[in-house]
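Trainee: I would like a close look at one part of this model, the second largest pocket, and at what stands behind its walls. Please take it slowly and go from the lining outwards.

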Amino acid sequence: MTASRLFLCLLALLASRSVLADQLVMNNGSLLIGNLISVDGAEVVFNTPFAGDIKIKKDNIKTIVTDSDVTLLMEDGDVFRNKRIVAEGDNMVVLSDRKDPVLFHVEDIQLVNPEPWRLGEGYKWYGDLNTALESERGNTDTDELDLNGESIWRSLEDRYTLRGDWEIDESNGERNKFKWTIRAKYDRFSLADNDNYVGVQAFFNRDEFADLNLRQAYGPYIGRQFYESSLLTLHAEVGVVYVEEDFDVAEDDDYVGSNWEARLTSEILPGLELYVNQDGVYNFREASNLIVNTRVGLRFPLIYGFTTSAEALWEYDGGAVEGVDDTDETYRFTFGYAW
């Protein structure tokens, strides 16, 4: 960097103290003045006096100027803590810890004011708990209770996941459905590319009225976190699993198979989240004994972390014993809490 350019950068940084608010300069030349809330891989959240919080795709932004200090996580992994961003032409400038000006563009920013775990500091704990309750009185008295939820601990290096589903139905005082599933997982992210990971899991499943006393499975897998932002989160996994099945009446079974999982969430409209989850097991010895579980839903936020959802659940068990349907379909509205 030439001496004249260095002087201009330092002058721009000093001049930033006169800025009264954060500023976004758009590619079309327009200017937004307000408060910078956050930046992630796809979009910028910016608060304006006339429209509140708005989301803008990074591709539409030319430069960002901040009136207060922010922490920057760059795409190359560099971190600038408690720095002001100023503009110099088409570039942006921050001072490094050595007081050297660093020039960059909007696309070079991975996150602004990232959560501590993104910087390798501790774990983020998040999850949800949902319930669907139905009670009908008349010619037939029916009661249905469904519970499902997950709890996730996420750091830069690893992730712990615990999920559970529980369903119980009664008709005229007699139980006619009782099933549950518990899944525990551990993921270890690659140091070379922290979007890739390896993991190990165990899951347990019981369905009293499908003759399944207990299905238990264990195995390793590999996965990739394709996206992880407020706009879109997507990961997919494939692995090998050993399955043991204990039936009440039918003959017990065990086999080696392949398992997969894909989970997607996307904010398709402000405040409206689409989620699609699927997992399954392929039996190497008998391909017809395929297990596939798919959940699709729309989640609406309420207040204080409470949510409501409309969802459909399709469960297919190709190894179901004789006299038991191999497909189970459920459509429901749920009320829950997310943290």
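Which strands each supply at least two residues of the lining of the second largest pocket?

Mentor: This is a predicted model, in which local features need pLDDT of at least 70 and side-chain atom pairs count only at pLDDT 80 or more, whereas totals for chains, interfaces and linings use all residues. Residues are numbered from 1 along each chain as its sequence is written, and side-chain values use heavy atoms, with hydrogens and water left out.

The strands you ask about are S6 (70–74), S11 (109–112) and S17 (212–228), a strand being a DSSP run of E with at least two residues, numbered from the N terminus. Of these, S17 gives the most to the lining, with four residues. A pocket here is an open set of points on a 1 Å grid over the protein atoms alone, where a 1.4 Å probe fits and protein lies on both sides within 12 Å along at least five of seven lines, and lining residues have an atom within 4 Å of a point. By that rule 24 residues line the second largest pocket, and those nearest its centre are Glu 75, Gln 110, Arg 118, Asn 194 and Asp 195. The lining as a whole is made up of 11 nonpolar, six polar and seven charged residues, where Ala, Val, Leu, Ile, Met, Phe, Trp, Tyr, Cys and Pro count as nonpolar, Asp, Glu, Lys and Arg as charged, and the others, Gly among them, as polar.

Two of the lining strands also lead into the interior. The largest nonpolar core, a set of buried residues of the nonpolar kinds other than Pro, joined through side-chain atoms within 4.5 Å, has 21 residues, and Leu 24, Ile 61, Ile 64, Leu 72, Phe 104 and Ile 109 have the most contacts inside it. Both S6 and S11 give two or more residues to this core, as do S1 (22–26), S2 (31–39), S3 (43–48), S5 (61–65) and S9 (91–95). Ile 109 of this core, leaving aside residues up to four places away in sequence, touches Val 39, Lys 58, Ile 64, Leu 72, Leu 73, Met 74, Glu 75, Met 92 and Phe 104, contact meaning heavy atoms within 4.5 Å. Glu 75 thus appears both among the contacts of Ile 109 and among the lining residues nearest the pocket centre. Apart from this core lies another, of seven residues, among them Val 241, Tyr 255, Val 281 and Ile 291.

To follow S17 away from the pocket, take Phe 203, which lies in strand S16 (residues 196–207). At 7% relative accessibility, Phe 203 is buried, a class that means under 20% relative accessible area, with exposed over 50% and partly exposed in between (1.4 Å probe, protein chains only). With residues up to four places away in sequence again left out, Phe 203 touches Ile 182, Arg 183, Arg 215, Gln 216, Ala 217, Val 241 and Val 281. Arg 215, Gln 216 and Ala 217 fall within the range of S17, while Val 241 and Val 281 are members of the seven-residue core. The C-alpha atoms of Phe 203 and Glu 244 are separated by 11 Å, with these positions 41 residues apart along the chain.

One backbone detail elsewhere deserves attention. Asn 82, in strand S7 (residues 79–83), has a positive phi of about 55 degrees although it is not a glycine, and Asn 82 is exposed, with a relative accessible area of 54%.
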